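Reader: I am new to this structure and would like a friendly tour. Could you show it to me before we begin?

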Amino acid sequence: MGTREGVAPDPALGLLELYDEALPHVYGYLLARCHDRPLAEDLTAETFLAAVTATRKPDAPDPTTAWLIGVARHKLADHWRRLEREQRGLRLLDNTTDDTTDPWDHTLDAIRAKAVLAQLGPHHRAALTLRYLDGLPVAHVAEHLGRTLHATEALLVRARAAFRNSYREEGSP
């Protein structure tokens, strides 16, 4: 079917052409960070749905795989923020507090580090992933997490402390 005269084609059609090429990259990006296949599948679907909406807006960027991975990064950060809000509410009910300590400068075993990262709370996992795996500056991490710069710096200190404590426990016999 061709387009009718006077009817503009749907700008989201460009995503259809990119879908087969970009899907494994977007899914792989998400799976490598959340280590949960069903969650990665859901977030991949959310990414493409958000991309369709975004491409239909005026002055929308041309969809590329890199752009889709950026959308996926936002979807993952949104997911971690939702989880953190839920867990924050539960912590308030439980009246627990975070332990803060100085940064840690040791060489890490990558497999053990991934296992420890997967055990952390979503807010710590989000902060550490965006900062150290994605290599984003703290200001960009703050932007992705919807926090102030100072709150993000404090979160990173707590996240590193939680990671360090879990990493040490993971290595104990």
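Reader: Where do Arg 81 and Asp 78 both lie?

Author: Happy to start there! Helices here are DSSP runs of H or I with at least four residues, strands are runs of E with at least two, and both are numbered from the N terminus. Arg 81 and Asp 78 are three residues apart, about one turn of the helix, and the element that holds both is helix 3.

Reader: Before we go on, what kind of model is this, and how are residues numbered?

Author: Residues are numbered from 1 along each chain as its sequence is written, and side-chain values use heavy atoms, with hydrogens and water left out. Local features need pLDDT of at least 70, side-chain atom pairs count only at pLDDT 80 or more, and totals for chains, interfaces and linings use all residues, as this is a predicted model.

Reader: How far apart are the closest N and O atoms of Arg 81 and Asp 78?

Author: Side chains of opposite charge can pair when their charged atoms come close. A salt bridge is a side-chain nitrogen of Lys or Arg within 4 Å of a carboxyl oxygen of Asp or Glu. Arg 81 and Asp 78 form one, and their closest N and O atoms are apart by 2.1 Å.

Reader: Is Arg 81 buried, partly exposed or exposed?

Author: Buried means under 20% relative accessible area, exposed means over 50%, and partly exposed is in between (1.4 Å probe, protein chains only). Asp 78 has a relative accessible area of 25%, so Asp 78 is partly exposed. Arg 81 has 21% relative accessibility, and therefore Arg 81 counts as partly exposed.

Reader: Which residues are joined into one network by salt bridges that share partners?

Author: Arg 33 forms a salt bridge with Asp 134, with the closest N and O atoms 2.7 Å apart. This pair links distant parts of the chain, 101 residues apart: Arg 33 is in helix 1, while Asp 134 is in the loop between helix 5 (122-133) and helix 6 (138-145). Arg 73 also forms a salt bridge with Asp 134, at 3.2 Å between the closest N and O atoms. Shared partners join into one network the residues Arg 33, Arg 73 and Asp 134.

Reader: Why does Asp 134 count as buried or exposed?

Author: Both Arg 33 and Asp 134 fall in one class of accessibility, buried. Asp 134 counts as buried because its relative accessibility is 16%.

Reader: What is the phi of His 35, and where does this residue lie?

Author: His 35 lies in the loop between helix 1 and helix 2. At 37% relative accessibility, His 35 counts as partly exposed. Although His 35 is not a glycine, its phi is positive, at about 55°.

Reader: What about Asp 59: is this residue buried or exposed?

Author: Asp 59 sits in the loop between helix 2 and helix 3 (65-94). Like any residue named here for its phi, Asp 59 is not a glycine, and its phi is positive at about 60°. Its relative accessible area is 82%, so Asp 59 is exposed.

Reader: How many helices and strands does the protein chain have?

Author: From the N terminus on, the elements run α-α-α-α-α-α-α. Buried residues make up 36% of the 173 residues in the chain. The secondary structure comes to zero strands and seven helices.
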